[in-house]
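Here are a few exercises to work through with the coordinates open in your viewer. Try each one before reading its solution.

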Amino acid sequence: MSTDCIFCKIVAGEIPCYKVYEDEHVLSFLDIGPLSKGHTLVIPKHHCVTLDEIPVEQMAAVGRLLPKLGPAVAQSVGAAGWNVLQNNGPVAGQVVMHVHFHIIPRNEGDGLGYRWPAGELDKNEAPRLLEAITERMGH
Ligand code: AMP
Ligand code: ZN
């Protein structure tokens with residue numbers, strides 16, 4: 001637990017939330033500033049900042065929950081689809097520094113599009129890129 005972390009305080013019950021789901025590893029609650037009706041957050045209970053820091057058992061619990069919770073959230077508000085969004089670092093839009101996954105219900109014409117200025121894969125660069133990634137994966 002991090003004492004100055006708002007989501008740790010929610011896990012500890014020191015700050016209230018609209019709890020959607022809880023087990024020993026994860027907590028899910030309604031986002032207080034929803035992008036759309038039903039916007040829900042899923043967090044590992046262990047305090048960590050980015051996805052790569054999540055203890056493997058807690059990440060597994062997140063992985064077990066999302067496929068079940070996503071449709072439940074979307075269907076409960078009659079949404080046609082849903083996004084899972086997870087921001088790592090301020091430059092990626094992370095504001096709360098306790099790792100979390102957004103479930104965002106989507107509907108046609110909801111105006112929630114994001115900038116997606118697609119480029120084109122540089123096929124000359126791709127092999128070097130693969131090498132660089134694989135090297136860092138350690139196998
Ligand atoms: P991010 O930009 O990915 O860090 O998103 C942080 C999210 O946490 C935002 O969507 C906020 O609306 C949400 N949030 C912040 N404080 C609370 C809170 N006390 N209860 C529920 N959601 C919160
Ligand atoms: Zn925390």
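**Exercise 1.** Which atoms coordinate the zinc ion (ligand 2), and what is the geometry of the site?

Solution. Keep in mind that this is a predicted model.
- Start with the donors: Cys5 (SG), Cys8 (SG), His47 (ND1) and His98 (ND1) coordinate the zinc ion (ligand 2), at 2.0 to 2.3 Å.
- Next, take the angles among the 4 donor atoms, which run from 106 to 116°. Four donors count as tetrahedral if all angles lie between 85 and 135 degrees, so the site is tetrahedral.
- As a reference, the ideal angle for four tetrahedral donors is 109.5 degrees.

**Exercise 2.** Work out how the zinc donors are spaced along the chain, and whether cysteine 5 and histidine 47 are buried or exposed.

Solution.
- Reading along the chain, the donors follow the pattern C-x2-C-x38-H-x50-H.
- Now place two of them: cysteine 5 sits in the segment before helix H1 (6-11), and histidine 47 in the loop between E3 and H2. They are 42 residues apart, and the pair links distant parts of the chain.
- Then check accessibility. Cysteine 5 has a relative accessible area of 5%, so cysteine 5 is buried. Histidine 47 comes out at 22%, so histidine 47 is partly exposed.

**Exercise 3.** Trace the sheet: what is the strand order, and which helix packs on the sheet?

Solution.
- The 5 strands form an open, antiparallel sheet in the order E1-E2-E3-E5-E4.
- Strand E1 (19-22) and strand E4 (81-85) are the edges, each pairing on one side only.
- On average, neighbouring strands are turned by 20° against each other, direction ignored.
- Helix H2 (residues 56-76) packs on this sheet and touches E1, E2, strand E3 (40-44), E4 and strand E5 (101-106). The direction of H2 makes about 15° with that of E5.
- For a close-up of one pairing, look at E1 and strand E2 (residues 26-30): they run antiparallel and are joined by 3 bridges. Here tyrosine 21 stands opposite serine 28 in E2.

**Exercise 4.** Describe the surroundings of threonine 40.

Solution.
- Threonine 40 belongs to strand E3.
- Its relative accessible area is 1%, so threonine 40 is buried.
- Leaving aside residues up to four places away in sequence, threonine 40 touches several residues, including Val20, Ser28, Leu69, Val73 and Phe101.
- Finally, look for a polar partner: a polar atom of the threonine 40 side chain lies 2.5 Å from the backbone oxygen of glycine 38.

Notes
Residues are numbered from 1 along each chain as its sequence is written. Chains are lettered from A and ligands numbered from 1 in the order in which they are written. This is a predicted model: local features need pLDDT of at least 70, side-chain atom pairs count only at pLDDT 80 or more; totals for chains, interfaces and linings use all residues. Side-chain values use heavy atoms; hydrogens and water are left out. Two strands pair if DSSP finds at least two bridges between them. Helices (H or I, at least four residues) and strands (E, at least two) are DSSP runs, numbered from the N terminus. Axes are lines fitted to C-alpha atoms, for helices over the stretch in contact, and angles run from 0 to 180 degrees between N-to-C directions. Contact means heavy atoms within 4.5 Å. Donors are N, O and S atoms within 2.8 Å of the metal (3.2 Å for Na, K and Ca); water is not among the atoms, so sites may look incomplete. Four donors count as tetrahedral if all angles lie between 85 and 135 degrees; four count as square planar and six as octahedral if opposite donors are over 155 degrees apart and all others between 65 and 115; anything else is irregular. Buried means under 20% relative accessible area, exposed over 50%, partly exposed in between (1.4 Å probe, protein chains only). A polar contact is a pair of N or O atoms within 3.5 Å; within protein, one must be able to donate a hydrogen and the other to accept it, and residues adjacent in sequence count only if both atoms are side-chain atoms.
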